[in-house]
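Colleague: Before I go back to the bench, I would like to go through the wording used for this model, term by term. Please show it first.

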Amino acid sequence: MTLNELLTRQNLLTKLVLKDGDKELSKELKVRIMRIRMAYTKIKKNFDSEVQEFTEELVTPEFKELSAKTDRNEQEEARYKELNDKMNIDYQEFLIQKGNEEIKSVIDDSFTMDEYTEILEINAGNDVEINTNKIHAADFLEIIYDLFVKED
C-alpha cells in the first residue's frame with residue numbers, strides 16, 4: 001500500500017461512527033477500528049513531520065528576506081515570485097514522490113463480512129463530508145466495502 005492509499009483509507013475510516021443513538025458497534029469492533037485509526041495516525045504524523053521539515057529546508061534566507069518586505073520593487077517582486085514558484089514545484093514533486101512510497105508497516109485493516117454488516121447497521125444514516133464533498137451514506141458505505149472488506 002502506498003502512502004496516498006493509506007491517507008485515503010485513514011480519511012474514510014475516521015468518518016465511521018462507532019455509535020448511533022442506542023445502537024453501537026461491538027466492543028471488539030470498536031477497539032479494532034480504533035487500533036487501525038491509531039496505526040494510520042502514527043504514519044500520518046510522521047508524514048506531516050517530514051513535510052514540515054522539507055518545507056523548512058526549501059525556504060531560503062533570500063526568500064525570507066523578500067517575503068518580510070512589504071514594499072518590494074519590481075525586481076524584488078519578480079525574484080520573490082520566481083523563488084516562490086520554484087519552491088512550489090519542489091514541494092509538489094516531494095508530495096508526489098512521498099505519496100507513491102510503499103508503506104513498510106503492515107496494517108491489517110480489512111473487515112470480515114460480519115464486521116461490515118455491523119458497521120453498515122450503525123452507519124446507514126451517516127452522510128459524510130470528505131474534502132468538502134458531501135457523500136451520501138450508501139455511497140460512503142460502498143466505498144468502505146470496496147476498500148476494506150475482504151471476501152473469503
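Colleague: At what angle do the axes of helix α5 and α6 cross, and within what distance do they come?

Modeller: The axes of α5 (residues 113-123) and α6 cross at roughly 160 degrees and come within 11 Å. Axes here are lines fitted to C-alpha atoms, for helices over the stretch in contact, and angles run from 0 to 180 degrees between N-to-C directions.

Colleague: Why is α5 called roughly antiparallel to α6?

Modeller: Angles under 35 degrees count as roughly parallel, over 145 as roughly antiparallel, 65 to 115 as roughly perpendicular and the rest as oblique. The angle of roughly 160 degrees is over 145, so α5 is roughly antiparallel to α6. The α5 side of the contact (heavy atoms within 4.5 Å) consists of Met113, Tyr116, Ile119, Leu120 and Asn123. From α6 come Ala137, Leu141, Glu142, Ile144 and Tyr145. Sorted by class, that gives eight nonpolar, one polar and one charged residues. Ala, Val, Leu, Ile, Met, Phe, Trp, Tyr, Cys and Pro count as nonpolar, Asp, Glu, Lys and Arg as charged, and the others, Gly among them, as polar.

Colleague: What kind of model is this, and how are its residues numbered?

Modeller: Residues are numbered from 1 along each chain as its sequence is written, and this is a predicted model, in which local features need pLDDT of at least 70 and side-chain atom pairs count only at pLDDT 80 or more, while totals for chains, interfaces and linings use all residues. Side-chain values use heavy atoms, with hydrogens and water left out.

Colleague: What makes α1 oblique to α6?

Modeller: α1 and α6 (residues 137-148) pack at an angle of about 135 degrees, and their axes are 11 Å apart. An angle of about 135 degrees falls in none of the other three ranges, which means that α1 is oblique to α6. The residues that meet are Arg9, Leu12 and Leu13 in α1, and Phe140, Ile143, Ile144, Leu147 and Phe148 in α6. By class, seven are nonpolar, none polar and one charged.

Colleague: And what is α2 to α5, parallel or perpendicular?

Modeller: α2 and α5 pack at about 95 degrees, with 11 Å between their axes. That value lies in the range 65 to 115, and α2 is therefore roughly perpendicular to α5. Leu29, Arg32 and Ile33 of α2 make the contact with Glu115, Glu118 and Ile119 of α5. Three of these residues are nonpolar, none polar and three charged.

Colleague: How do you know whether Arg9 counts as buried or exposed?

Modeller: Buried means under 20% relative accessible area, exposed over 50%, and partly exposed in between (1.4 Å probe, protein chains only). Arg9 is at 15%, so Arg9 counts as buried. Arg9 belongs to α1 (residues 3-13). A polar atom of the Arg9 side chain is 2.8 Å from the backbone oxygen of Leu147. Apart from neighbours within four places in sequence, Arg9 is in contact with Met1, Tyr40, Asp109, Leu147 and Phe148.

Colleague: Is Tyr40 buried or exposed?

Modeller: Tyr40 has a relative accessible area of 0%, and is therefore buried. Tyr40 lies in α2 (residues 27-58). Beyond its neighbours within four places in sequence, Tyr40 has contacts that include Arg9, Asp109 and Phe148.

Colleague: Why is Asp139 called partly exposed, and what is Ala138 called?

Modeller: Asp139 has 40% relative accessibility, so Asp139 counts as partly exposed. Ala138 has 58%, and is therefore exposed. Asp139 is in α6, and so is Ala138.

Colleague: What is the sign of phi in Asn131?

Modeller: Phi of Asn131 is positive, near 50 degrees, and Asn131 is a residue other than glycine. Most residues other than glycine have a negative phi. Asn131 sits in the loop between β3 (128-130) and β4 (133-135), where strands are DSSP runs of E with at least two residues, and helices are runs of H or I with at least four, numbered from the N terminus. At 58% relative accessible area, Asn131 is exposed.

Colleague: Where is Thr132 placed?

Modeller: Thr132 is also in the loop between β3 and β4. Thr132 is not a glycine, yet its phi is positive, at about 65 degrees. Its relative accessibility is 70%, so Thr132 counts as exposed.

How values were computed:
Polar contact = N/O pair within 3.5 Å; in protein donor to acceptor, adjacent residues only side chain to side chain.
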